[in-house]
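The paragraphs below lead the reader through a single protein model. They begin with one pair of helices and then widen to the rest of the chain.

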Amino acid sequence: MVVKSEEKNAGSVVKTITLPSGIVVTMKKAKIRHMLNANKVAGSDKEMVVPALIAVLCLFDGQPKVMEDILEMDLTDSMPLFEMVGDLLSPNSEAQNAHS
């Protein structure tokens with residue numbers, strides 16, 4: 001079961017979820033610099049942008065991971081993370097609507 005929470009922290013929204021494995025993931029509010037860093041990490045393989053963005057934005061039990069670590073995660077743990085990033089990138093996301 002994935003448990004989600006959201007809190008305002010120093011003007012930025014922080015999302016926290018507990019993955020099925022029990023790992024607690026904290027995602028910081030995305031900024032343009034995060035997307036630029038993820039694009040650098042992904043290089044020419046645009047399919048790697050989302051895993052790279054997860055690595056750039058998230059802490060796992062308080063520790064960072066690199067994109068290669070994200071690619072090795074169990075699918076049951078990675079799907080909620082892909083969903084969270086997808087929500088960030090969606091034009092209809094709550095984060096986007098909050099800034100309208």
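**Two helices and their surroundings**

Helices H2 and H4 are roughly perpendicular to each other, a description that applies to angles of 65 to 115 degrees, whereas angles under 35 degrees count as roughly parallel, those over 145 as roughly antiparallel and the rest as oblique. Their packing angle is about 95 degrees, and their axes lie 10 Å apart. Axes here are lines fitted to C-alpha atoms, for helices over the stretch in contact, and angles run from 0 to 180 degrees between N-to-C directions. Val50, Pro51, Leu53, Ile54 and Leu57 on the H2 side meet Leu81, Phe82, Val85, Leu88 and Leu89 on the H4 side, where a contact means heavy atoms within 4.5 Å. By class, this contact has 10 nonpolar residues, no polar and no charged ones; Ala, Val, Leu, Ile, Met, Phe, Trp, Tyr, Cys and Pro count as nonpolar, Asp, Glu, Lys and Arg as charged, and the others, Gly among them, as polar.

The model is a predicted one, in which local features need pLDDT of at least 70 and side-chain atom pairs count only at pLDDT 80 or more, while totals for chains, interfaces and linings use all residues. Residues are numbered from 1 along each chain as its sequence is written, and side-chain values use heavy atoms, with hydrogens and water left out.

The protein contains five helices and four strands, each being a DSSP run (helices: H or I, at least four residues; strands: E, at least two) numbered from the N terminus. Their order from the N terminus is β-β-β-α-α-β-α-α-α. Of the 100 residues, 30% are buried; buried means under 20% relative accessible area, exposed over 50%, and partly exposed in between, with a 1.4 Å probe and protein chains only.

Helix H2, residues 49-57, is mostly covered, with seven of its nine residues buried. These are Val49, Pro51, Ala52, Leu53, Ile54, Ala55 and Leu57. Besides H4 (75-89), the buried residues of H2 pack against strand S3 (24-27), helix H1 (32-42), strand S4 (58-60) and helix H3 (67-71).

What does H2 give to the largest nonpolar core? It gives six residues, the most of any element. This core has 22 residues, and those with the most contacts inside it are Val25, Met27, Ile54, Cys58, Phe60 and Leu81. A nonpolar core is a set of buried Ala, Val, Leu, Ile, Met, Phe, Trp, Tyr and Cys residues joined through side-chain atoms within 4.5 Å. Leaving aside neighbours within four places in sequence, Phe60 is in contact with eight residues named here in full: Ile23, Val24, Val25, Ile54, Lys65, Ile70, Met73 and Leu81.

Two further residues show how separate parts of the chain meet. Ala42, in helix H1, is buried, with a relative accessible area of 8%. Beyond its neighbours within four places in sequence, Ala42 touches Met48, Val49 and Ala52, and the C-alpha atoms of Ala42 and Ala52 are separated by 6.1 Å. Val24 lies in strand S3 and counts as partly exposed at 32% relative accessibility. The C-alpha atoms of Val24 and Leu59, 35 residues apart along the chain, are separated by 8.1 Å.

Finally, the loop between S4 and H3 holds Asp61, which has a positive phi of about 50 degrees although it is not a glycine.
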